[in-house]
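The following exercises concern the overall form, the sheets and the aromatic contacts of one protein chain. Each task is followed by a solution in steps.

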Amino acid sequence: MCGIVAYLGGKAVQPILVEGLKRLEYRGYDSAGVALLGGKAIRIQKTSGRISTLEKILDEPKTEETLGIGHTRWATHGQPNTTNAHPHLDYTGKIAVVHNGIIENYGTLKKWLQNEGAEFASETDTEVIANLIGYFYANGDDGKERKRTDGQNKFEWAVQRGLGELHGTYGLAIVCSDFPDMLIGAKKGSPLILGVGDNEYILASDAAAIVEHTTQAVYLADNEMVTISSKGFHTKTIDNITVSKDLKQIEFSLEQIELGGFQHHMLKEIFEQPKSLSTCMGGRIDRQNNRIKLGGIDSYLRELTRTKRLIITACGTAWHASLVGEFLFEQLARIPTETEYASEFRYRNPIIEDGTVVISISQSGETADTLAAVEQAKERGANVLGIVNVVGSSIARATDAGVYLHVGPEIGVASTKAFTAQVAVLTMLAIELGRRKHISDSEASRYIEELSMIPDKVSRILGQSDSIREIASANIDKNNWLFLGRGFNYPVALEGALKLKEISYIHAEGLPAAEMKHGPIALIVDGMPAVFIATTGPQYDKIVGNIEEVRARGGKTIVLATEGDENITKHADHLITIPDVPELLQPMLTVVPLQLLAYHAAVLRGHDVDKPRNLAKSVTVE
């Protein structure tokens with residue numbers, strides 16, 4: 001989940017690395033550092049804390065330093081202190097490495113290297129990579145495992161030789177003091193992108209660090225590496241087989257990753273949802289012909305129509321979107337559907353029968369558990385479809401077909417616009433499958449018409465931001481909250497609770513409202529906030545009864561209701577309204593006030609909502 005940026009070109013490297021790290025800080029912010037080369041010496045400066053702390057200790061940029069690597073860390077092995085911060089230098093002082101991922105056999109390798117005389121300063125698994133490459137660089141071709149090919153330089157060979165010993169995941173940027181005009185990157189299980197500019201190259205774990213300099217990029221695949229010099233770059237497998245890669249256009253602009261007048265990226269992304277939903281659905285809703293067109297999976301729609309069973313795998317917020325999808329597919333298309341945590345699916349012995357289709361959902365397209373679940377499903381013979389946001393990501397490449405969200409970059413660690421777009425894609429797919437096999441054309445037409453109006457209705461909800469802030473202010477002194485919903489709004493209750501936990505650090509529990517009586521009602525104490533999603537629907541009367549059960553025990557009720565529902569006012573201590581839509585479309589609306597509620601609670605409690613403690617945006621490690 002760490003952020004990597006590296007540069008080779010004609011400009012002073014230090015400012016470029018620092019700016020790139022700032023754009024990647026949402027990937028990790030426990031510590032940060034840079035390694036800079038100008039001539040045959042590596043200068044490393046690093047510290048615990050955020051990029052702003054690193055900036056304070058950096059020397060003045062040196063124009064002769066035009067090659068460097070940088071890192072912002074989300075700690076896995078070892079505490080987030082200066083010693084464990086990246087970059088890591090090998091024991092010979094010639095090799096410097098930054099790393100995103102986890103090396104599973106680092107303990108065995110570390111013991112072997114220590115026996116060979118290598119010294120270690122940190123607790124990290126990454127230092128093993130530096131020392132392993134350094135060992136092979138210092139000792140040369142051992143004649144046993146892999147000999148150098150004609151014309152292959154010693155540095156590149158040592159990297160390949162070292163990587164061949166690693167078990168685990170990595171995105172790497174590596175430099176060597178003997179090669180001050182060479183940068184090497186390697187990928188296995190963690191994202192790595194090469195930006196190709198005008199006589200300059202930027203290697204990064206995310207296009208956010210590249211787009212200021214160039215919109216042309218090469219997306220490395222697993223088990224690939226790239227060797228870069230002032231003469232150009234070449235790509236090959238880690239086993240030294242040349243690979244041809246095409247330049248791709250980065251699909252977002254620098255403006256899209258700037259704050260644009262908002263205090264936080266999360267708030268900006270909440271307010272972008274009318275536009276992001278319009279973009280996500282644009283060109284896909286064919287109102288004239290009463291159809292949904294999802295180009296990425298058009299060739300699979302007949303197979304999906306015939307499928308006997310769907311499995312949706314995801315983690316975190318995407319799992320909550322998946323649960324909405326389960327309800328949609330079963331109600332509209334009458335396809336038995338199961339929602340699986342990818343982190344559990346990958347370690348079970350899942351039943352994948354003929355006719356089973358697996359749908360994998362991930363904003364980043366790099367979620368380690370979800371990617372592993374995709375690979376397992378493919379091994380068992382399932383057709384696997386992906387719903388991701390990041391073009392060219394690992395899951396997008398690994399799945400048989402898929403749908404992009406097209407919502408632009410999501411920088412805030414707590415996902416917002418990606419969730420509503422994931423639900424929108426699942427809704428469109430369910431409507432189209434339902435139209436083909438279960439629901440009438442007139443019913444499909446009604447849903448399509450209502451779906452097209454969702455962005456405008458989200459805009460109306462956003463107009464309540466100030467009043468939602470007042471509700472948050474009245475309740476942020478309470479450290480335990482409940483979020484309760486029924487039917488299609490049960491997953492939204494889960495998502496609302498997660499958002500509050502992620503950024504405000506208030507303990508919150510999401511539940512199906514009817515389950516409250518089966519234990520959690522014991523938690524209700526005087527003044528405890530309980531957020532109810534009590535919109536118009538078949539279970540409205542039931543959830544009003546649940547509200548009264550909480551009120552009878554002294555709980556404070558925050559109620560999301562449908563506009564014009566005058567009956568609900570007497571049951572609510574605080575009221576938030578949403579426009580009227582069919583129940584199965586409500587999650588795209590009901591989640592928005594909960595995102596705002598969590599955001600305002602976190603800000604009022606003094607927290608950095610874009611960089612919540614212990615979290616990072618992309619979970620690329622187990």
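**Exercise 1. Compare the radius of gyration of the chain with that of a compact globule**.

Step 1. For 622 residues, a compact globule would have a radius of gyration near 25 Å; the radius is taken over C-alpha atoms, and the globule rule is 2.2 Å times the number of residues to the power 0.38.
Step 2. The chain has 26 Å, which agrees with that value.
Step 3. The C-alpha trace spans about 80 × 55 × 45 Å along its principal axes.
Step 4. Buried residues, meaning those under 20% relative accessible area (exposed is over 50%, partly exposed in between, with a 1.4 Å probe and protein chains only), make up 62% of the 622 residues.
Step 5. Of the contacts (heavy atoms within 4.5 Å) with a separation of 6 or more, 72% are between residues 24 or more positions apart.

The model is predicted: local features need pLDDT of at least 70, side-chain atom pairs count only at pLDDT 80 or more, and totals for chains, interfaces and linings use all residues. Residues are numbered from 1 along each chain as its sequence is written, and side-chain values use heavy atoms, with hydrogens and water left out.

**Exercise 2. State the strand order of the open sheet that contains β17, and describe the helices that pack on this sheet**.

Step 1. The chain has 19 helices and 26 strands; these are DSSP runs numbered from the N terminus, helices being H or I with at least four residues and strands E with at least two.
Step 2. Five strands with parallel pairing form the open sheet, in the order β18-β17-β19-β20-β21; two strands pair if DSSP finds at least two bridges between them.
Step 3. At the edges are β18 (337–341) and β21 (401–404), each pairing on one side only.
Step 4. From one strand to the next the twist averages 20°; axes are lines fitted to C-alpha atoms, for helices over the stretch in contact, and angles run from 0 to 180 degrees between N-to-C directions.
Step 5. Strand β17 (residues 309–314) runs parallel to β18 and is joined to it by five bridges; A314 has Y341 of β18 as its bridge partner.
Step 6. Helix α9 packs on the sheet and touches β17, β18 and β19 (356–362), its direction making about 170° with that of β18.
Step 7. Across β19, β20 (383–388) and β21 lies helix α13 (residues 417–437), which runs at about 155° to β19.

**Exercise 3. Identify the edge strands of the sheet that contains β22, and locate L500**.

Step 1. The strand order of this open sheet is β23-β22-β24-β25-β26, with parallel pairing.
Step 2. The edge strands β23 (507–512) and β26 (574–578) each have a single partner strand, so one side of each is left without a neighbour in the sheet.
Step 3. The average twist from one strand to the next is 15°.
Step 4. Five bridges in the parallel sense pair strand β25 (residues 556–562) with β26; in β26, T577 is the bridge partner of A561.
Step 5. Helix α17 packs on the sheet, touching β22, β23 and β24 (529–533), and its direction makes about 175° with that of β23.
Step 6. L500 lies in helix α17 and is buried, at 1% relative accessibility.
Step 7. Not counting residues up to four places away in sequence, L500 touches several residues, among them W481, F483, Y505 and A598.
Step 8. L500 and Q595 are 95 residues apart along the chain, yet their C-alpha atoms are separated by 8.1 Å.

**Exercise 4. Classify the ring pairs F262 with F271** **and F327 with F488**.

Step 1. The whole structure holds nine aromatic pairs: rings of Phe, Tyr and Trp (its six-membered ring) pair if their centres lie within 6.5 Å, with planes under 30 degrees apart counted as stacked, over 60 as edge-to-face and the rest as tilted.
Step 2. The centres of F262 and F271 are 5.9 Å apart and the planes are at 40°, so this pair is tilted.
Step 3. F262 is partly exposed, at 31%, and F271 is partly exposed, at 30%.
Step 4. F327 and F488 have ring centres 5.9 Å apart and planes at 85°, so their pair is edge-to-face.
Step 5. Because F327 lies in helix α9 (residues 316–333) and F488 in the loop between β22 (480–485) and α17 (490–504), the pair ties together parts that are 161 residues apart in sequence.
Step 6. F327 is partly exposed, with a relative accessible area of 22%, whereas F488 is buried, with 4%.
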